[in-house]
Amino acid sequence: MNIGPSITRKIQRPICVFLADDDIDDGLLFELVLRQHAPEADFHRFENGQSLLAAMEAANIRPDVIFLDLNMPLLNGVETFKKLQQQPDWAVIPTILLTGSEDREYLAEVHHIDLVRWHPKPSSLSHLSEIIAKHLPHSD
């Protein structure tokens with residue numbers, strides 16, 4: 001009996017993207033650009049790292065990628081990143097820090113974060129689009 005290739009194919013689901021950024025306008029722009037790359041994305045924006053971590057603890061939602069603003073109230077991007085790295089299931093999730101700081105080496109040295117995970121906050125929609133496209137998981 002031939003069960004066909006569709007049984008062995010991976011079930012496709014929309015990618016899940018988390019963004020923690022306290023700036024509502026930045027969050028809206030991020031979602032607008034994200035939808036250009038992944039119209040069906042399951043997108044969640046949080047006002048700070050604390051609310052993002054609480055959602056991850058409470059829900060069965062595991063994002064495919066997380067974007068964090070560096071400067072947020074309650075729990076900033078670096079603190080959130082470090083807490084994510086402490087949980088084995090969360091540490092494997094690609095996590096990208098976005099910041100207005102220009103001193104990459106200082107951030108890497110002081111916070112011990114791989115420079116690949118850091119981007120300056122984009123100054124244009126095209127730059128934001130490049131960052132999002134670079135870090136979205138690609139379907140096979």
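Across the protein chain the pLDDT, the predictor's confidence in each residue from 0 to 100, averages 79, and 75% of the residues score at least 70. In residues 1–11 the pLDDT is below 50, and beyond near neighbours in sequence this stretch has one contact (heavy atoms within 4.5 Å) in the model. Where pLDDT is low, the predicted coordinates should not be read in detail.

This is a predicted model: local features need pLDDT of at least 70, side-chain atom pairs count only at pLDDT 80 or more, and totals for chains, interfaces and linings use all residues. Residues are numbered from 1 along each chain as its sequence is written, and side-chain values use heavy atoms, with hydrogens and water left out.

**Exercise 1. The overall plan**

Task: state how many helices and strands the protein chain has, and give their order.

Solution.
- Step 1. Apply the rule: helices (H or I, at least four residues) and strands (E, at least two) are DSSP runs, numbered from the N terminus.
- Step 2. Count them: the protein chain has seven helices and five strands.
- Step 3. Read along the sequence: the pattern is α-β-α-β-α-β-α-α-β-α-β-α.
- Step 4. Add the contacts: of those between residues at least 6 apart in sequence, 65% join residues at least 24 apart.
- Step 5. Add burial: 39% of the 140 residues in the protein chain are buried. Buried means under 20% relative accessible area, exposed over 50%, and partly exposed in between (1.4 Å probe, protein chains only).

**Exercise 2. The salt bridge**

Task: find which side chains meet in a salt bridge, and say where they lie.

Solution.
- Step 1. Set the cut-off: a salt bridge is a side-chain nitrogen of Lys or Arg within 4 Å of a carboxyl oxygen of Asp or Glu. Side chains of opposite charge can pair when their charged atoms come close.
- Step 2. Count: the structure holds one salt bridge.
- Step 3. Name the pair: glutamate 31 meets arginine 35, at 3.1 Å from N to O.
- Step 4. Place them: both lie in helix α2 (residues 24–37), four residues apart, about one turn of the helix.
- Step 5. Check exposure: glutamate 31 has 25% relative accessibility, so it counts as partly exposed. Arginine 35 has 27%, so it also counts as partly exposed.

**Exercise 3. Where α2 meets α7**

Task: describe how the axes of α2 and α7 cross, and which residues meet.

Solution.
- Step 1. Take the axes: they are lines fitted to C-alpha atoms, for helices over the stretch in contact, and angles run from 0 to 180 degrees between N-to-C directions.
- Step 2. Read the geometry: the axes of α2 and helix α7 (residues 125–135) come within 9 Å and cross at roughly 60°. That makes α2 oblique to α7. Angles under 35 degrees count as roughly parallel, over 145 as roughly antiparallel, 65 to 115 as roughly perpendicular and the rest as oblique.
- Step 3. List the residues: Leu29, Phe30, Val33, Leu34 and His37 in α2 meet Leu125, Leu128, Ser129, Ile132 and Ala133 in α7.
- Step 4. Zoom in on leucine 29: not counting residues up to four places away in sequence, it touches Leu125 and Leu128. Leucine 29 and leucine 125 are 96 residues apart in sequence, yet 7.9 Å apart in space, C-alpha to C-alpha. Leucine 29 has a relative accessible area of 37%, so it is partly exposed.

**Exercise 4. Where α3 meets α4**

Task: state at what angle α3 and α4 pack, then examine glycine 49.

Solution.
- Step 1. Read the geometry: helix α3 (residues 49–58) and helix α4 (residues 77–86) pack at about 25°, with axes 9 Å apart. The two helices are therefore roughly parallel to each other.
- Step 2. List the residues: Gly49, Leu52, Leu53 and Met56 in α3 meet Thr80, Lys83 and Leu84 in α4.
- Step 3. Examine glycine 49: its relative accessibility is 0%, so it counts as buried. Leaving out residues up to four places away in sequence, glycine 49 touches Ala20, Met72, Leu75 and Thr80.

**Exercise 5. Leucine 74 in its loop**

Task: say where leucine 74 is found, and whether it is buried or exposed.

Solution.
- Step 1. Locate it: leucine 74 is in the loop between β3 (65–69) and α4.
- Step 2. Check exposure: its relative accessible area is 66%, so leucine 74 is exposed.
- Step 3. Check phi: leucine 74 has a positive phi of about 70° although it is not a glycine. Most residues other than glycine have a negative phi.
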